[in-house]
Amino acid sequence: MTALWSSLSSTAEPPGAGPGGEASLALPDLSAVTVMGGVSGRLLLGLGLVVCVLGLGFGMLAFVQLRRLPVHASMLEISELIYSTCKAYLVKQGKFLLMLWVFIASVIVVYYRFLIDFPWSKVSIVIGFSLLGMAGSYAVAWFGIRVNTFANSRTAFAALRGTPLQVHRIPLKSGMSIGMVLISLELFMMLVILLFLPREIAGACFIGFAIGESLGAAALRIAGGIFTKIADIGADLMKIAFKIKEDDARNPGVIADCTGDNAGDSVGPSADGFETYGVTGVALITFVLLGVHDPAVQATLLVWMFVVRAVMIIASALSYLVNDAWVRHQYRDAKRMNFETPLSSLVWVTSGICVAATYLTTYLVLGQGKTASLWWVFATIVAVGTLAGAVIPELVKAFTSTGSRHVREIVMSSREGGPSLNILSGLVAGNFSAYWLGTTIVGLMGGAFLLSQLGLDTLMLAPAVFAFGLLAFGFLGMGPVTIAVDSYGPVTDNAQSVYELSMIEEIDDIEAALVADHGFTPQWEHAKTMLEENDGAGNTFKATAKPVLIGTAVVGATTMIFSIIMGLTEGLTTSLQNLSLLHPPFLLGLVMGGAVIFWFTGASIQAVTTGAYRAVEFIRTTIRLDGATRASEADSRRVVEICTQYAQQGMLTMFLGVFFSTLAFAFVEPFFFIGYLISIAVFGLYQAFFMANAGGAWDNAKKIVEIDLHAKGTALHEATIIGDTVGDPYKDTSSVALNPVIKFTTLFGLLAVELSVRLTADGLHTLVLTLAAVFFLASAFFVYRSFYGMRIRSTLSDEAQPVGLGDGGDATSGAAPAASGTDRALVDAKVSDR
């Protein structure tokens with residue numbers, strides 16, 4: 001096989017297909033497309049660019065409005081300190097990303113320049129757009145932390161008025177700002193490629209852009225997830241060890257925790273959402289060019305997809321404004337509110353408006369010509385995905401909301417069983433959620449499959465695969481709102497911390513100053529209660545966004561895997577028997593994928609464990625509770641440095657493990673690799689569901705104890721804190737990182753398997769197998785290093801007593817707890833951890 005993609009010539013002959021795979025695909029002539037009323041397809045896409053500019057303007061306007069909101073200087077000082085530490089973290093991550101990009105660029109150069117013999121100009125396009133894609137992920141991540149760190153102090157200050165309306169509106173406005181900018185920027189970049197670059201190089205642009213996005217998202221999501229949970233666990237354990245309150249200003253881990261809320265819950269999701277939106281689009285473009293027979297239909301479908309995306313931006317903005325007007329009317333004079341209610345209504349309103357807009361837009365674009373009788377099928381598949389974007393969060397809430405029976409079961413079991421039964425009940429919630437969410441995904445994909453059987457085979461090969469891709473497309477239909485409710489969480493979490501760290505209640509004559517300067521008398525206790533309740537709502541909706549993204553990754557990966565299968569089977573005409581359990585390499589690949597998923601989740605938790613150990617070790621020896629009002633800025637920054645160090649170290653090891661595993665398995669045998677890709681998608685789906693929702697349940701069980709039961713400082717509270725620290729890396733490190741890992745592996749795998757097939761076709765099969773062995777040894781080395789290079793290296797003789805297991809030490813002096821007799825015996829025995 002001289003090239004993976006040129007084999008399609010026997011069936012469909014997509015324009016421009018040839019050596020180099022996707023990079024050789026050329027777009028059809030979009031100017032030939034006309035919709036009802038004789039409007040040109042290119043004109044519609046040009047209007048899409050206008051919508052993107054308006055979407056960026058919407059996001060920037062919200063940004064400016066947030067910046068102008070009133071805030072007290074004490075709170076602003078804390079939020080700016082958080083931003084400065086976030087900025088230092090992102091600068092280091094940017095340099096780190098460039099280093100990782102070198103690995104990807106080297107493979108691009110070897111394959112496209114030396115094996116495919118692309119001219120340097122075309123290779124440069126792939127490389128350049130990979131940098132652009134990575135820069136896009138990085139830029140939206142930076143924008144996200146800047147918006148969120150404006151909003152956190154403004155939310156904290158608004159709570160002092162004693163009314164909940166602004167406490168809800170500010171974090172949601174910041175989330176919509178991020179969502180609109182993220183989606184509009186992504187769509188703008190893709191439309192520029194479609195409209196203004198030569199059709200012959202569009203494939204190279206898209207593949208480079210998608211690889212760069214995927215790399216940026218994987219690195220920022222993994223590192224951010226490790227960082228945030230090191231800081232979170234380090235800060236939480238101090239509450240038990242020293243019997244101090246939540247977000248105690250004397251705890252140097254609190255600032256790092258706030259930084260981590262942004263690094264893990266803002267930077268990571270922003271980059272991840274940017275990549276998910278882009279890679280899903282690239283997957284659908286690839287399918288259309290490879291699987292659709294008629295160039296005219298190809299062009300029509302491409303115009304339709306991108307027009308729908310532009311319309312969804314308008315629909316999301318309209319939904320937000322409608323819902324916001326209802327919320328302002330409903331809660332204008334309210335003293336209490338359920339903060340989850342307006343978030344749920346926003347999701348459902350957006351889903352309904354997006355579904356209606358999808359049908360209308362699809363009818364106008366596809367309701368004539370060869371797609372005239374099938375427009376409703378395309379629209380319905382997308383609509384099913386959009387509705388799923390509202391249904392799945394409701395299912396997640398059944399396992400993670402503060403009103404969930406599962407979460408309340410965790411609290412009940414903790415009353416008598418302490419941390420042990422707390423953890424077991426959380427595992428139950430996670431496992432049940434994986435069953436119901438998995439069943440839901442199967443139902444959605446089954447529905448898409450049935451719809452695809454209603455005539456789509458007259459237009460394309462493998463219509464069910466395209467239907468799966470459109471389902472993922474529908475998941476992302478209300479992208480700005482999905483990102484908004486996800487970004488709500490880090491703002492509410494930070495707002496609570498900013499309030500405590502500002503120590504505003506202890507400022508001399510603060511009440512008189514607030515009356516004079518802002519015209520209201522602060523309601524201290526009610527403000528703190530509202531912030532805690534809002535944080536619970538943020539926890540719930542952070543949890544609801546995770547399954548949507550991982551579901552999109554898995555369903556969308558199906559479309560990307562199809563692209564590889566098309567080439568390997570010469571347009572589904574040969575070697576189909578190799579996609580069977582009767583072909584041993586395919587079966588072995590299925591088994592291998594599960595092994596990698598379980599290694600990855602263990603490795604990510606190991607990085608958190610070791611980093612948290614070092615953070616706790618530093619905090620325990622530097623915290624000063626006697627005579628101090630707050631931790632020194634230097635100590636707080638040192639904790640941030642510890643978190644950054646272990647986040648980068650863990651992420652590098654895991655990334656290289658994934659990188660070399662992808663190369664190794666692509667080189668072993670192509671159908672082994674197909675099985676492997678299917679396996680990591682399926683195993684990753686269930687592992688992510690289980691871990692994300694177990695973690696969310698543990699988190700909100702702690703909130704119930706703190707808010708509903710007012711039981712802070714009790715044994716029950718300590719039990720739920722311990723359960724929460726177990727759930728932290730589950731929900732915010734391992735589970736969320738599986739999404740970009742699946743997409744990066746699938747996308748980079750396209751390139752890797754092409755490289756393998758090309759070398760084999762050139763008579764270098766022995767070299768291919770040798771390289772497979774070398775790459776596997778390299779991956780095994782990094783798998784080994786992910787534990788043995790990240791483990792806690794101290795001997796027990798270096799430690800007095802594990803933090804959180806003793807009596808809390810001397811809370812007055814801040815001294816570390818003394819060693820017990822049993823500990824002394826262990827010290828004398830010098831038992832090491834080796």
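The following questions and answers concern a predicted model of one protein chain.

Visitor: What is the average pLDDT of the protein chain?
Guide: The model is predicted, and 92% of the residues of the protein chain score at least 70. Over the protein chain, the pLDDT averages 86.

Visitor: Which element of the protein chain has the lowest mean pLDDT, and which the highest?
Guide: At the bottom is helix 20 (residues 821–829), with a mean pLDDT of 35. The highest mean pLDDT among the elements, 95, belongs to helix 7 (residues 295–331).

Visitor: How many contacts beyond near neighbours in sequence does the stretch of residues 795–834 have in the model?
Guide: The pLDDT is below 50 over residues 1–17, a stretch with 50 contacts beyond near neighbours in sequence. Residues 795–834 also have a pLDDT below 50. For residues 795–834, the number of such contacts in the model is 56.

Visitor: Why is helix 9 oblique to helix 11?
Guide: Helix 9 (residues 375–400) and helix 11 (residues 463–475) pack with their axes 7 Å apart. Their angle is about 45°. Angles from 35 to under 65 degrees fall outside the roughly parallel and roughly perpendicular classes, so helix 9 counts relative to helix 11 as oblique.

Visitor: What is the handedness of the crossing of helix 9 and helix 11, and how many nonpolar residues does the contact have?
Guide: The crossing of helix 9 and helix 11 is right-handed. Helix 9 contributes F378, I381, V382, V384, G385, T386, A388 and I392 to the contact, and helix 11 contributes F466, A467, L470, L471, F473, G474 and F475. By class, the contact of helix 9 with helix 11 has no charged residues, three polar ones, and a nonpolar count of 12.

Visitor: At roughly what angle do the axes of helix 2 and helix 18 cross?
Guide: The crossing of helix 2 and helix 18 is left-handed. The axes of helix 2 (residues 73–115) and helix 18 come within 11 Å, and the crossing angle is roughly 35°.

Visitor: How many charged residues are in the contact of helix 2 with helix 18?
Guide: From helix 2 the contact takes I104, V107, I108, Y111, Y112 and L115. From helix 18 it takes F744, F748, L751, E754, L755, R758 and L759. By class there are 11 nonpolar and no polar residues in the contact of helix 2 with helix 18, and the charged residues number two.

Visitor: Is Q93 buried or exposed?
Guide: Q93 is in helix 2. Leaving aside neighbours within four places in sequence, Q93 is in contact with A219, L220, A223, Q648 and M651. Because its relative accessible area is 1%, Q93 is buried.

Visitor: What is the relative accessible area of N693?
Guide: N693 lies in helix 17 (residues 670–708). Not counting residues up to four places away in sequence, N693 touches V396, F399, T400, G430, S433, L437, A543 and P547. N693 is buried, and its relative accessible area is 0%.

Visitor: How many Å apart in space are L346 and E409, C-alpha to C-alpha?
Guide: L346 is in helix 8 (residues 340–366) and is buried, with a relative accessible area of 0%. Residues up to four places away in sequence aside, L346 touches L172, S319, Y320, N323, V481 and V485. L346 and E409 are 63 residues apart in sequence, and their C-alpha to C-alpha distance is 29 Å.

Visitor: Is E669 buried or exposed?
Guide: E669 sits in the loop between helix 16 (633–668) and helix 17. Leaving aside neighbours within four places in sequence, E669 is in contact with H583 and P585. Buried means under 20% relative accessible area. The relative accessible area of E669 is 19%, so E669 is buried.

Visitor: What is the phi of D509?
Guide: D509 is found in the loop between helix 12 (479–502) and helix 13 (510–518). D509 is exposed, with a relative accessible area of 63%. Although D509 is not a glycine, its phi is positive, at about 55°.

Visitor: Is H710 buried or exposed?
Guide: H710 lies in the loop between helix 17 and helix 18 (715–761). Phi of H710, a residue other than glycine, is positive and near 50°. Exposed means over 50% relative accessible area. With a relative accessible area of 65%, H710 is therefore exposed.

Key. Residues are numbered from 1 along each chain as its sequence is written. This is a predicted model: local features need pLDDT of at least 70, side-chain atom pairs count only at pLDDT 80 or more; totals for chains, interfaces and linings use all residues. Side-chain values use heavy atoms; hydrogens and water are left out. pLDDT is the predictor's confidence in each residue, from 0 to 100. Helices (H or I, at least four residues) and strands (E, at least two) are DSSP runs, numbered from the N terminus. Contact means heavy atoms within 4.5 Å. Axes are lines fitted to C-alpha atoms, for helices over the stretch in contact, and angles run from 0 to 180 degrees between N-to-C directions. Angles under 35 degrees count as roughly parallel, over 145 as roughly antiparallel, 65 to 115 as roughly perpendicular and the rest as oblique. A crossing is left-handed if the near helix is turned anticlockwise from the far one by less than a right angle, and right-handed if clockwise. Ala, Val, Leu, Ile, Met, Phe, Trp, Tyr, Cys and Pro count as nonpolar, Asp, Glu, Lys and Arg as charged, and the others, Gly among them, as polar. Buried means under 20% relative accessible area, exposed over 50%, partly exposed in between (1.4 Å probe, protein chains only).
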